[in-house]
Amino acid sequence: MAVSYKRLWKLLVDKEMSKSDLRKKAEIAPNTMTKLRRDEEVSLTILSKICKTLHADFCDIVEYVPDAEIWDLYNENRELLGKDHVRGEQLSIDGYHLVVHV
């Protein structure tokens with residue numbers, strides 16, 4: 001399973017709020033913000049804090065991205081990336097941050 005927080009970043013732009021402002025107002029740890037920037041999973045408690053701070057719903061800040069779609073993106077862009085990748089390597093494709101697990 002993968003998630004994308006592109007909706008969150010767009011919402012922050014719309015609300016003219018920086019990531020730093022969000023982190024402070026929602027009382028989120030810096031390492032959690034790093035997870036969000038990397039499109040890594042965070043707890044529902046964290047997502048709830050963000051929703052409360054932004055007066056938003058979960059669907060306004062997070063999107064589920066099926067694994068098959070991610071691998072399709074990877075495979076489509078493999079030639080552009082120019083090499084095979086190693087386990088744990090992070091890739092950025094079409095705004096998604098992928099971590100190689102194979």
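1. A good place to start is Glu-27, which sits in the loop between H2 and H3. In this predicted model, Glu-27 takes a positive phi of about 55 degrees although it is not a glycine. Its relative accessibility is 64%, so Glu-27 counts as exposed. Even so, Glu-27 is among the residues that Leu-22 touches, once residues up to four places away in sequence are set aside.

2. Glu-16 makes a nice companion to look at. Glu-16 belongs to the loop between H1 and H2, and this residue, not a glycine either, has a positive phi of about 50 degrees. With 76% relative accessibility, Glu-16 is classed as exposed. A further positive phi, of about 55 degrees, turns up at His-55, just after H4. You may like to view these three backbone positions one after another.

3. For the overall layout, the chain holds 6 helices and 4 strands. Read from the N terminus, the order of elements is β-α-α-α-α-α-β-α-β-β. Of the 102 residues in the chain, 35% are buried. Among contacts with a separation of 6 or more, 53% join residues that are 24 or more positions apart.

4. Now to helix H4 (44-54), which deserves a careful look. Which residues of H4 are buried? They are Ile-46, Leu-47, Ile-50, Cys-51 and Leu-54. These residues span an arc of only 135 degrees around the axis, and therefore lie on the same side of H4. As general background, an α-helix has 3.6 residues a turn, so residues three or four places apart point the same way. On the other side of H4, the exposed residues are Leu-44, Thr-45 and Lys-52.

5. What do the buried residues of H4 pack against? Their partners are helix H1 (6-14), helix H2 (19-25), H3 and helix H5 (58-61).

6. Ile-50, in helix H4, is a handy residue on which to centre the view. Ile-50 has a relative accessible area of 0%, so it is buried. Leaving out residues up to four places away in sequence, Ile-50 touches Leu-8, Leu-22, Ile-28, Leu-36 and Ile-61. The C-alpha atoms of Ile-50 and Lys-25 are separated by 8.7 Å, with the two positions 25 residues apart along the chain.

7. The largest nonpolar core has 20 residues, and those touching the most other members are Tyr-5, Leu-8, Leu-22, Ile-50, Leu-54 and Ile-61. H1, H3 and H4 are the elements that give two or more residues to this core. H4 provides the largest share, 5 residues. In general, nonpolar side chains of soluble globular proteins tend to be buried together. Leu-22 is worth following from here: beyond four places in sequence, this residue touches Leu-8, Leu-12, Met-17, Ile-50, Thr-53 and Leu-54, among others.

8. Last, please have a look at Asp-39, in the loop between helix H3 (30-37) and helix H4. Asp-39 is buried yet has no salt bridge. How far away is the nearest side chain of opposite charge? That side chain belongs to Lys-6 and is 7.5 Å away; a salt bridge would need a side-chain nitrogen of Lys or Arg within 4 Å of a carboxyl oxygen. The side chain of Asp-39 does reach the backbone nitrogen of Tyr-5, at 3.0 Å. Tyr-5 is also one of the residues that touch the most other members of the largest nonpolar core.

How values were computed:
Residues are numbered from 1 along each chain as its sequence is written. This is a predicted model: local features need pLDDT of at least 70, side-chain atom pairs count only at pLDDT 80 or more; totals for chains, interfaces and linings use all residues. Side-chain values use heavy atoms; hydrogens and water are left out. Buried means under 20% relative accessible area, exposed over 50%, partly exposed in between (1.4 Å probe, protein chains only). Lys and Arg count as positive and Asp and Glu as negative; His and the chain ends are not counted. A polar contact is a pair of N or O atoms within 3.5 Å; within protein, one must be able to donate a hydrogen and the other to accept it, and residues adjacent in sequence count only if both atoms are side-chain atoms. The arc is that of the directions from the helix axis to the C-beta atoms. Contact means heavy atoms within 4.5 Å. A nonpolar core is a set of buried Ala, Val, Leu, Ile, Met, Phe, Trp, Tyr and Cys residues joined through side-chain atoms within 4.5 Å.
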